[in-house]
Amino acid sequence: MNKREFLKDAILFFPAAATLQALAPAAEGKAEPAKTPADYDATKHWYGMGIDVDKCIGCNRCVEACKAENDVPDEPFFFRTWIERYQIHENGETRVECISTRAALPEQAPPEDPTVVRTFFVPKLCNQCAHPPCVQVCPVGATFQTQDGVVLVDEKRCIGCRYCIQACPYGARYLNPRTKTADKCTFCYHRVTEGLLPACVEVCPTEARIFGDLKGKADRLVRFHRVNQISVLKPDLNTEPKVLYAQLDGEVR
Amino acid sequence: MSGAIPDSLNEQLSHQLSQVVGFIYPNEVETQWAILIVVYPYLTGIVAGAFILASLVKVFNVVEVQPIYRLALLTALSFMLVAGMPLQLHLGHPERAYEIFFTPQPTSAMAMFGFVYLWYLLGILLIEIWFEYRHQLVLMAQQSRGLLRGIYGALSLYSKDVSPEALAFDHKASKLITIVGIPSAFLLHGYVGFIFGSVKANPWWGSVLMPIVFLMSAIVSGIAMVMFLYILLSLVRNEKLDMRCLDKIGLFLLVAIIVDFTLEALDYIHRLYQSEESIGILTQLVSSKLFLSLVVVQLLLGMLLPLLILVLVRSVRFNEELRKLLYFTTSLLILVGIFSMRWNVVIGGQLYSKSLRGLMAYKMEITGIESLLTALALLALPFIILTVLFRLLPPRWMESHAPAAAN
Ligand code: SF4
Ligand code: SF4
C-alpha cells in the first residue's frame with residue numbers, strides 16, 4: 001500500500017467513525033423518569049427515613065409488607081429490607097443474625113442465654129445515598145437518582161450486569177430472578193408520590209420507622225433528626241446515606 | 001411471589017446459604033459475578049500480554065523474538081475475539097448489551113471498557129495484523145485461484161502494490177501502530193483492573209494497585225501463552241525451535257514475574273501493615289476459603305516455582321531438550337497460576353460479607369449459561385480460532401513462497 005491509498009482509506013474511515021460518534025450523544029438519554037402524578041413536583045422534596053433502633057421489636061412485619069407490596073420473591077435470598085438481630089455477650093463478643101431469612105418465626109421464645117447482656121434489632125434497607133456508588137458504576141444509566149433524592153432502577157433499561165450490586169456497600173441490592181434486572185428498595189416511590197407512606201412504615205406497630213421529607217419544614221423526619229443523636233452506616237465511605245439511625249450501636253455495620 | 005425463581009437457582013442458593021459462616025447480609029448469598037467473570041479478565045490479560053511481547057520486536061528491535069512475532073499477534077487476536085463473550089453471556093439481558101455503546105454512562109468503568117475494547121480490536125490489532133500481512137496477502141491472492149483468490153484479494157482490501165516503497169510504508173505504519181498499541185494494551189487490561197479496583201465497597205478489590213497488578217499479571221500470562229504455543233506448535237509440526245528466541249522469551253518472562261511478584265507482595269504487605277477494619281475477615285478468607293487457590297496454586301505453583309525454574313535455567317547449563325521441557329512446564333504452571341489469580345480476585349471478593357462478619361460459599365454449576373462447561377468452551381474457543389487463523393494466514397508462508405527478492 002502506498003501513501004495515497006492509505007490516505008484514501010483513511011478519508012473513508014475517519015468520517016465513518018465521526019458519524020458514529022455524533023450519533024452516540026443523540027442516542028444518549030437519561031433513564032426514563034419514574035411515573036408520578038401529574039401535579040407532583042419532585043424538586044420540592046428530598047426524602048429520607050429515620051430508624052429508631054430502640055423501638056424495633058424485630059417482628060418482621062415490615063419485611064413481609066415490603067415483599068407483598070413490591071413483588072419481592074419470597075425466597076430468603078432477596079430482600080429490599082430486612083432485620084438484623086444483634087446480641088452482645090458478657091465477654092464483649094457480638095453475634096449477629098438476620099431474622100428475616102428464617103422460614104418462620106419460632107413459636108416459642110428460645111431459652112434465655114444468660115451470657116447475653118444486650119439485644120437489639122436493626123432494620124436495614126437501601127440508604128438512598130445522596131452520593132450513591134451504585135449510580136456511578138451503572139454502565140447504561142439504568143440506576144439513577146430522582147430529583148427528590150430516591151435512587152431507582154429502570155427495569156426496561158437495566159442490562160443485568162450486576163455491577164451496581166457489587167458497588168453497594170450495604171448489600172441493599174439483588175438481581176430479581178423474575179425480571180433479570182437489579183432491584184432494591186424504592187422508598188415505595190409509587191406510594192410516596194401519591195402522598196402515602198412506604199408500606200414498611202405503615203405497618204410498623206412501634207413507629208420505629210419514620211418516613212419524611214428533609215425539605216419539609218414541620219416534617220416528622222426533620223424533627224426526628226433534630227432531637228436524636230443520628231448516625232448513618234459506614235460514613236467513611238462518603239455515600240451520604242439518607243436513612244438516619246437514632247441510638248445506633250457502634251457494632252452495627 | 002413464591003415459586004417465581006427457577007429450581008436450579010433455588011437449589012444453588014439454598015446450598016450456598018447452608019455453607020455460610022458467621023453473618024452476611026441476606027442478599028449476599030448469591031454470587032453475582034461467577035465463573036464467566038473469572039474467564040473474562042483471564043482472556044483479556046492474555047491479549048494484552050501477547051501484544052506487548054510482539055511489540056518488543058517492532059518497537060524495541062529485539063530481533064531474537066522475531067520468530068514468534070506473528071504467532072503473538074494472531075494469539076492476541078484469537079483471544080480478543082472471545083474476550084467479550086463471557087461478559088455478554090453473563091448479562092441478565094444480553095439483548096440489551098448494545099446500550100453500553102449507545103447510551104454509555106461516562107462515570108462507569110464498565111461502560112468505558114466497551115470503547116477501549118473496540119478501539120483496541122479495530123483500531124490496533126486488526127490494522128497491525130493487516131499491515132503485517134498485506135504483502136503476503138497480495139502474493140497469496142496472486143498465487144491461488146477460485147474462492148481462495150477472492151478471499152485473499154478481499155483480505156488485502158484489493159491492494160496490489162508490492163513495490164519496495166509500499167512495503168517500506170507498511171513497515172513504518174505497523175511500527176507506528178505498535179507504538180500506539182503499547183499504551184492501548186496497557187489501557188485495555190489496566191482498565192479491567194480498574195473495574196475491580198474502583199469498587200470502594202469491597203476492600204478485597206478496592207486498591208489503587210489493582211490496575212497495575214492486573215497489567216503485570218496480564219503480561220506474564222500473555223508471554224507464557226505465546227511460549228506455550230510456540231513449543232506446542234513445534235512439537236505438533238515437528239519443527240525445530242529457535243532456542244535463542246525461546247531463551248529470550250524466558251528472560252522476559254522472568255523479569256515480568258519478578259515485577260508481578262513484587263507488586264502483589266507490596267499489595268499484601270501494605271494491607272497487613274495498614275491493618276484496616278477489613279483485615280480480620282480477609283485474613284480469615286485467605287487462610288480458609290482461598291488457601292488452596294491462592295497460597296498453593298497462585299503463589300507457590302503459579303509464581304514461586306516458575307520463578308525458581310526460570311532462575312535455574314539461566315544459571316545452570318541445561319541441554320536444549322531439558323530447557324524446552326522446563327520452559328513448557330513453566331508456561332503451563334503460570335497459565336494455571338494466573339487463572340487462579342483471576343479466580344481469587346473475582347470469586348474471592350465475593351466470598352466474604354461486606355458486613356465483615358462472615359464468609360459465603362460459591363458452588364459452581366456444571367451446566368447452564370454461567371457454568372463450568374461454558375467456561376471451558378470459552379477457554380477452548382481461542383485455540384480453535386487460532387487454528388483457523390493459522391490455516392488462513394500461515395505465519396511462515398513467506399519463507400517458502402515469496403520471491404527471494406521480496407524479503
Ligand atoms: S444503599 Fe446501596 S443501593 Fe442504596 S443508594 Fe446506597 S449504594 Fe445505592
Ligand atoms: S445491573 Fe442494571 S442497574 Fe445495575 S449496573 Fe448493571 S445495568 Fe445498571
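## Worked exercises on a two-chain model

Lys180(A) is partly exposed, with a relative accessible area of 39%. This value, like those below, comes from a predicted model.

**Exercise 1. Place Lys180(A) in its chain and describe its backbone.**

Step 1. Locate the residue. Lys180(A) sits in the loop that links β7 (174–176) to β8 (181–183) of chain A.

Step 2. Check the class. Partly exposed covers the range between under 20% and over 50%. At 39%, Lys180(A) therefore falls in that class.

Step 3. Read the backbone angle. Phi is positive at Lys180(A), about 60 degrees, and the residue is not a glycine.

Step 4. Set this against the usual pattern. Most residues other than glycine have a negative phi.

**Exercise 2. Do the same for Ser275(B).**

Step 1. Ser275(B) belongs to the loop between α10 and α11 of chain B.

Step 2. Its relative accessible area is 41%, so Ser275(B) is partly exposed.

Step 3. Ser275(B) is not a glycine, yet its phi is positive, about 45 degrees.

**Exercise 3. Work out the strand order of the four-stranded open sheet in chain A, and say which strands stand at its edges.**

Step 1. Write the order. The strands run β9-β1-β11-β10 in chain A, with mixed pairing.

Step 2. Find the edges. β9 (209–213) and β10 (230–231) of chain A each have a single partner strand, so one side of each has no neighbour in the sheet.

Step 3. Assign the pairing on one side of β1(A). Strand β1 (residues 47–52) of chain A pairs with β9(A) in the antiparallel sense, over five bridges. Within this pair, Gly48(A) stands opposite Gly212(A), and Gly50(A) has Ile210(A) as its bridge partner.

Step 4. Assign the other pairing. β1(A) and β11 (residues 243–246) of chain A are parallel, with four bridges. Here the bridge partner of Gly50(A) is Leu244(A) in β11(A).

**Exercise 4. Is β1(A) mostly covered or mostly open, and how do its two faces compare?**

Step 1. Count. Six of the six residues of β1(A) are buried, which makes the strand mostly covered.

Step 2. Recall the geometry. In a regular strand the side chains alternate between the two faces of the sheet.

Step 3. Sort by face. One side holds Tyr47(A), Met49(A) and Ile51(A), and the other holds Gly48(A), Gly50(A) and Asp52(A). Both faces are covered.

Step 4. Take one residue further. Asp52(A) lies in β1 of chain A. Its relative accessibility is 10%, so Asp52(A) counts as buried.

Step 5. List what Asp52(A) touches. Beyond its neighbours within four places in sequence, the contacts of Asp52(A) are Ala208(A), Phe224(A), Ala246(A) and Gln247(A).

**Exercise 5. Describe the residue shells around the two ligands.**

Step 1. Start with ligand 1. It has 13 residues around it, and Cys126(A), Asn127(A), Cys129(A), Cys134(A) and Cys168(A) come nearest.

Step 2. Class the shell of ligand 1. Nine residues are nonpolar, two polar and two charged.

Step 3. Turn to ligand 2. The residues around it include Cys138(A), Cys158(A), Cys161(A), Cys164(A) and Arg162(A).

Step 4. Class the shell of ligand 2. Nine are nonpolar, two polar and one charged.

**Exercise 6. Identify the nonpolar cores and their main contributors.**

Step 1. Recall the background. In soluble globular proteins, nonpolar side chains tend to be buried together.

Step 2. Take the largest core. It has 147 residues, and Ile68(B), Leu125(B) and Phe196(B) have the most contacts inside it. Helix α2 (residues 35–60) of chain B gives the largest share, 18 residues.

Step 3. Look around one hub. Not counting residues up to four places away in sequence, Leu125(B) touches seven residues named here: Val47(B), Phe51(B), Leu73(B), Ala76(B), Leu77(B), Met80(B) and Tyr120(B).

Step 4. Add the second core. This separate set has 45 residues, among them Phe79(A), Ile99(A), Phe120(A) and Leu152(A).

**Exercise 7. Find where helix α12 of chain B bends, and what its buried residues pack against.**

Step 1. Locate the bend. α12 (residues 291–315) of chain B bends by about 40 degrees at Leu300(B).

Step 2. Pick out buried positions. They include Gln298(B), Gly302(B), Met303(B), Pro306(B) and Leu310(B).

Step 3. Name the packing partners. The buried residues of α12(B) pack against α10 (243–274), α11 (279–287) and α13 (320–346) of chain B.

Terms used: Residues are numbered from 1 along each chain as its sequence is written. Chains are lettered from A and ligands numbered from 1 in the order in which they are written. This is a predicted model: local features need pLDDT of at least 70, side-chain atom pairs count only at pLDDT 80 or more; totals for chains, interfaces and linings use all residues. Side-chain values use heavy atoms; hydrogens and water are left out. The bend at a residue is the angle between axes fitted to the seven residues ending there and the seven starting there. Buried means under 20% relative accessible area, exposed over 50%, partly exposed in between (1.4 Å probe, protein chains only). Contact means heavy atoms within 4.5 Å. A residue is near a molecule or strand if one of its heavy atoms lies within 4 Å of it. Ala, Val, Leu, Ile, Met, Phe, Trp, Tyr, Cys and Pro count as nonpolar, Asp, Glu, Lys and Arg as charged, and the others, Gly among them, as polar. Two strands pair if DSSP finds at least two bridges between them. A nonpolar core is a set of buried Ala, Val, Leu, Ile, Met, Phe, Trp, Tyr and Cys residues joined through side-chain atoms within 4.5 Å.
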